[in-house]
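User: Please take a close look at how the strands of this model pair, and follow the pairing from there to the side chains and the enclosed spaces. A careful, connected account would suit me better than a list.

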Amino acid sequence: MRTLAVAIVCVSLSSAAVAQAPEGHVHGVVADESGGVLPGVTVTATAANGEVLGAEVTNEGGRYRFTLPAVAVTLTFSLEGFSPAAVTLEIAPREDVPIAAQRLALAPRSETVVVYGDPPAEPSPAPPRVSPPPPPPPPVVIPVAEHDHDSVCGPAKAGGTPESLGTIRSRSNPYESGSALFAKDDQVVIDGGTLSGLAVGLNVVARRSYRPSPDARSAIGEHTAGLLQIVHASERASIAVVIYACDEIMRGDRLAPFTPEPVRTPEPAGTPAYDAAAQILFADSGHLLGAPRRFMVIDRGTDQAIRAGQRLTLFRRENHGGRKPIVVGDAVVVAVRRDSATIRIERVNDAIGFGDWAAPQRYAESASGARPE
């Protein structure tokens with residue numbers, strides 16, 4: 001028989017909270033009878049009037065933490081396969097409240113034994129069926145505004161020190177499949193929390209770096225794997241839901257702020273400016289050549305007046321001493337950084353590789369001097 005031991009560490013009040021309303025911090029560790037910590041336990045704090053003051057899910061170390069007002073509070077602990085347990089405590093300002101350990105037994109199971117032979121004179125009553133506790137309700141996800149999917153999912157040139165709000169570690173339910181790949185609606189544990197800038201309702205992207213080729217030394221690619229939303233956040237751990245996956249989201253992907261791009265209609269075709277061409281650096285992770293609907297990165301960005309929605313003419317130069325361009329395709333800019341941009345290949349008539357060129361298309365100015373939008 002395995003049981004769940006609940007250890008409440010302490011209740012303390014922060015001086016910042018006392019200035020407004022008396023509050024205390026409740027935190028503890030959830031473990032089984034053998035002392036092994038249990039992640040994924042839902043801890044709900046309820047006031048005496050039935051109001052839910054908050055809910056937390058224990059992290060990989062079995063820890064949880066609350067900041068609660070100085071009132072009588074009931075903490076309820078639930079995990080699928082165990083009978084729920086509860087403890088009631090009085091939170092007083094500027095006092096520590098020791099809480100006796102609570103134990104949660106495994107939910108009883110019913111078994112049916114079939115015996116072949118003569119029935120007894122009086123049939124025995126069937127054992128009662130015991131239903132497991134209901135699973136916690138699914139997290140509430142805030143809808144994400146419409147944006148350009150390609151501008152989020154395309155590759156980019158990594159710039160400087162990678163910005164990270166946390167790293168994807170595992171599924172939030174330890175009893176689910178141990179796969180290291182995650183897809184839409186999966187819940188994952190993040191090793192970062194409010195101290196690293198995460199908060200409930202925050203949208204973030206999952207990214208990882210890669211080298212475009214074994215001999216690449218300067219240009220490092222940055223692949224965006226998908227979009228997630230934070231649904232639970234403590235100081236050092238969080239739980240996020242996958243809103244959508246560009247491809248596979250993997251354990252070890254780091255989180256970065258999500259900046260939505262509006263859906264942009266490609267600009268009309270213009271005249272290629274070969275003298276202002278950018279060079280193609282690399283394609284997305286695992287792709288060596290450009291093809292229709294594939295993304296590549298060029299070495300010019302906003303510092304060279306490259307803009308999202310702009311059309312590009314893809315070409316290479318002749319090798320016999322001349323500089324006559326040989327057109328090999330067309331592309332559209334989908335996302336821009338300061339010194340690089342992500343393009344989406346629209347049309348090709350030959351293989352497009354690293355070192356080929358992308359000429360921005362220019363337009364004849366109208367009578368007002370503005371370019372077409």
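Analyst:
**Strand pairing and what surrounds it**

Threonine 167 has arginine 254 of E17 as its bridge partner. That contact belongs to the pairing of strand E10, residues 166–171, with strand E17, residues 254–257, which is antiparallel and consists of two bridges. The model is a predicted one, and the values that follow are computed from it. E17 is also joined to E13, again in the antiparallel sense, through four bridges, and in this second pairing proline 257 of E17 stands opposite valine 204.

E13 leads on to the aromatic side chains, for which the count comes to two pairs. In one of them, the ring centres of tyrosine 210 and phenylalanine 282 lie 6.1 Å apart while the planes meet at 80°, and the pair is therefore edge-to-face, given that angles over 60 degrees are classed in that way. Tyrosine 210 is in strand E13 (residues 203–210) and phenylalanine 282 in strand E19 (residues 278–283), so this contact links distant parts of the chain, 72 residues apart. Both partners are buried, although their values are not identical: tyrosine 210 has a relative accessibility of 11%, and phenylalanine 282 has one of 0%.

Tyrosine 274 and phenylalanine 315 also form an edge-to-face pair, with 4.8 Å between the centres and 85° between the planes. Here tyrosine 274 comes from the loop between strand E18 (271–272) and E19, and phenylalanine 315 from strand E21 (residues 311–317), so that parts of the chain 41 residues apart in sequence are tied together. The surroundings of these two rings are unlike each other, since tyrosine 274 is partly exposed at a relative accessible area of 27%, whereas phenylalanine 315 is buried at 0%. A contact of another kind involves arginine 317, whose charged end sits over the ring of tryptophan 357 at 4.7 Å from the ring centre.

The loop between E19 and E20 deserves a closer look as well. Leucine 289 is placed in this loop, with E20 covering residues 295–298, and leucine 289 is partly exposed, its relative accessible area being 44%. In sequence, 64 residues separate leucine 289 from glycine 353, yet their C-alpha atoms are 4.9 Å apart in space. Arginine 293 also lies in the loop between E19 and E20; its phi is near 75°, a positive value in a residue other than glycine, and at 53% relative accessibility arginine 293 counts as exposed. Aspartate 185, likewise not a glycine, has a positive phi of about 75°, and its place is in the loop between strand E11 (181–182) and strand E12 (187–190).

Turning to another group of strands, there is an open sheet of four, arranged in the order E4-E3-E6-E7 with antiparallel pairing. E4 (52–57) and E7 (85–90) form the edges of this sheet, and because each has a single partner strand, one side of each is left without a neighbour in the sheet. From one strand to the next, the twist averages 20°. Strands of a sheet pair through backbone hydrogen bonds, in either a parallel or an antiparallel sense. At one end of the order, strand E3 (residues 42–47) is joined to E4 by five antiparallel bridges, and valine 43 stands opposite glutamate 56 in E4. At the other end, strand E6 (residues 72–78) pairs with E7 in the antiparallel sense over six bridges, with glutamate 90 in E7 as the bridge partner of alanine 72. Glutamate 90 also takes part in the alternation of side chains along E7: with Ala86 and Thr88, Glu90 points to one face and is not buried, while Ala85, Val87 and Leu89 point to the opposite face and are buried.

The edge strand E4 finally leads to the enclosed spaces, of which two cavities reach 30 Å³ or more. The largest cavity holds about 80 Å³ of space. Its lining comprises 13 residues, and the closest to the centre are Val57, Ser234, Ala237, Ser238 and Ile239. The elements that contribute two or more residues to this lining are E4, strand E5 (63–69), strand E14 (221–233) and strand E15 (238–245). E4 thus appears both at an edge of the open sheet and among the elements that line the largest cavity.

How values were computed
Residues are numbered from 1 along each chain as its sequence is written. This is a predicted model: local features need pLDDT of at least 70, side-chain atom pairs count only at pLDDT 80 or more; totals for chains, interfaces and linings use all residues. Side-chain values use heavy atoms; hydrogens and water are left out. Rings of Phe, Tyr and Trp (its six-membered ring) pair if their centres lie within 6.5 Å; planes under 30 degrees apart count as stacked, over 60 as edge-to-face and the rest as tilted. Buried means under 20% relative accessible area, exposed over 50%, partly exposed in between (1.4 Å probe, protein chains only). A charge sits over a ring if NZ of Lys or CZ of Arg is within 6 Å of the ring centre and within 35 degrees of the ring normal. Two strands pair if DSSP finds at least two bridges between them. Axes are lines fitted to C-alpha atoms, for helices over the stretch in contact, and angles run from 0 to 180 degrees between N-to-C directions. On a 1 Å grid over the protein atoms alone, a cavity is a set of points where a 1.4 Å probe fits but cannot get out, and a pocket is an open set with protein on both sides within 12 Å along at least five of seven lines; lining residues have an atom within 4 Å of a point. Grid points are joined across faces, edges and corners, and a volume is the space filled by probe spheres set on the points.
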